[in-house]
Amino acid sequence: MAEKNKGRLTKVLDYLKYDDPFSKGVSFCPGCGLELLLRFIPRVLGNDIIITGTPSCSAPVLLGQNKQSWHTLSYFGTLMTGAAANATGLVRYYKKAGIDNTVVCFNGDGTANDIGFGNLSGAAERNEPFIYICYDNEGYMNTGIQKSGTTPYGATTTTTPYGTVHKGKNLRRMNLGVKMAMNKIPYTATATLSDLEDLAKKLLKAKKAKERGFCFLHVFAPCPTGWGANPADTIEICRQAVKTNYFPLWEAENGKIRMTKTVKKPKPVSSYTKLMKKFNHMTDADLQILQDDVEYETCLLGGLSVLEAECQLPVSAQD
Ligand code: SF4
């Protein structure tokens, strides 16, 4: 292993203070970004966190099967329409019971950006003191790889196929992270699996910031099965997503945005799209639309990061 990478790994290991609470063999596909993320979170935040989530690829593992459990964490499963409302109830119960802990509302982009966005938005507005983590695999993978609001332009899914009529998704993706940061909540950040030290720091910052209210992490988590990617390329896909500015890494404290990794010379988005089949059919003209979209979002972030619009929020949520 190159010296540079060895140094990086040592730094990441410093953040892994707790044991992996999951058993070795779980029902994720090989190379699943979600699995790597799910194992990483409690190793940094501790095994006493309370996780709540909804039906998704993570649910069979988190809920367990028959009478068996695949982990030693506390988990509370709920519906996609009420994920953040459920987390709110848990936080308020623990507060009333005088128990100091961290509630992590852990959901895919289908729940966070689409089906459960209403109550996510409400929890942000009320500044509820918990951490919401969205693992974004750009679609509804558990139910058959349908498109979601975060599916990018041109990508094929089972509801945006490539054929004589359609050429993949013909709409641009929504930027969930920016949408949440603009609520000026105590802490918002993006992260991914190629930059684990960055991810660990952001998890710990969120744990601290949730004492002041709502925190949101938007984590890019590739799905090799749904994207038509080689399972061995998951980390390389994350790396290229960052290097092309397809998924930039930033954080926002009280709405003030700061890049945590600046890409001086971004690569063309094709360095990222070529790693998976869901973009295979795209022509140069199609790729230019996606490239324009990436550049628009980069400009948007650049503009937002120079705003000094900090906003102090109430310490506890409004009842
Ligand atoms: S379908 Fe995708 S998100 Fe679901 S377990 Fe497989 S790789 Fe992971």
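The exchange below goes through a predicted model and the reasons behind the terms used for it.

Reader: What makes the chain as compact as a globular protein of its length?

Author: Start with the content: 12 helices and 8 strands. The radius of gyration is 19 Å, and the globule rule gives 20 Å for 319 residues. The two values are close, so the chain is as compact as a globular protein of that length. Along the principal axes, the C-alpha trace spans about 60 × 50 × 45 Å.

Reader: How do you know what share of the chain is buried?

Author: Buried means under 20% relative accessible area. Of the 319 residues, 52% count as buried. As for contacts with a separation of 6 or more, 73% of them join residues 24 or more positions apart.

Reader: Why is Glu138 called buried or exposed?

Author: Its relative accessibility is 2%. The cut-off for buried is under 20%, so Glu138 counts as buried. Glu138 is in the loop between β4 (131-136) and α7 (176-181).

Reader: What is notable about phi of Glu138?

Author: Phi of Glu138 is near 60°. That is a positive value in a residue other than glycine.

Reader: Why does Ser148 count as buried or exposed?

Author: Ser148 has 0% relative accessibility. Buried requires under 20%, so Ser148 counts as buried. Ser148 also lies in the loop between β4 and α7.

Reader: Which residues does Ser148 touch?

Author: Leave out residues up to four places away in sequence. Ser148 then touches Asp109, Asp114, Glu138, Gly139, Tyr140 and Lys169. Leu62 is 86 residues from Ser148 along the chain, and their C-alpha atoms are separated by 22 Å.

Reader: Why is Lys184 placed in its exposure class?

Author: Lys184 has 32% relative accessibility. Buried is under 20% and exposed is over 50%, with partly exposed in between. Lys184 therefore counts as partly exposed. Lys184 sits in the loop between α7 and β5. Phi of Lys184 is near 55°, a positive value in a residue other than glycine.

Reader: And what puts Arg126 in its class?

Author: The value for Arg126 is 30% relative accessibility. Partly exposed lies between the 20% and 50% cut-offs, so Arg126 counts as partly exposed. Arg126 is in helix α6, residues 117-126. From Arg126 to Gly302 the sequence separation is 176 residues, and the C-alpha to C-alpha distance is 28 Å.

Reader: Which residues of α10 are buried, and what do they pack against?

Author: The buried residues of α10 are Thr234, Ile237, Cys238, Gln240, Ala241 and Val242. They pack against α2 (33-45), β5 (187-192), β6, α9 (224-227) and α11 (270-273). Just after α10 comes Asn245, with a positive phi of about 70°.

Reader: What makes up the lining of the largest pocket?

Author: The largest pocket holds about 680 Å³ of space. It is lined by 22 residues, and Arg8, Ser194, Asp195, Arg239 and Lys261 are closest to its centre. The elements giving two or more residues to that lining are α1 (3-15), α8 (196-209) and α10 (234-243). The most come from α1, with 5 residues. By class, the lining has 8 nonpolar, 3 polar and 11 charged residues.

Reader: How many cavities does the search find?

Author: The search of the whole structure finds 1 cavity of 30 Å³ or more. The space in the largest cavity is about 160 Å³. A cavity is a set of points where a 1.4 Å probe fits but cannot get out.

Reader: What lines the largest cavity?

Author: The lining has 15 residues. Arg173, Asn175, His218, Phe247 and Glu297 lie nearest the centre. β6 (215-220) and α12 (284-305) are the elements that give two or more residues. By class, the lining has 7 nonpolar, 4 polar and 4 charged residues.

Reader: Which residues are around the ligand, and how do they divide by class?

Author: The residues around the ligand are Phe28, Cys29, Cys32, Cys57, Asn137, Met141, Cys223, Pro224 and Thr225. A heavy atom within 4 Å is the test for being near the ligand. The shell divides into 7 nonpolar, 2 polar and no charged residues. Cys, Phe, Met and Pro count as nonpolar.

Definitions and conventions
Residues are numbered from 1 along each chain as its sequence is written. This is a predicted model: local features need pLDDT of at least 70, side-chain atom pairs count only at pLDDT 80 or more; totals for chains, interfaces and linings use all residues. Side-chain values use heavy atoms; hydrogens and water are left out. On a 1 Å grid over the protein atoms alone, a cavity is a set of points where a 1.4 Å probe fits but cannot get out, and a pocket is an open set with protein on both sides within 12 Å along at least five of seven lines; lining residues have an atom within 4 Å of a point. Grid points are joined across faces, edges and corners, and a volume is the space filled by probe spheres set on the points. Helices (H or I, at least four residues) and strands (E, at least two) are DSSP runs, numbered from the N terminus. The radius of gyration is taken over C-alpha atoms; the globule rule is 2.2 Å times the number of residues to the power 0.38. Buried means under 20% relative accessible area, exposed over 50%, partly exposed in between (1.4 Å probe, protein chains only). Contact means heavy atoms within 4.5 Å.
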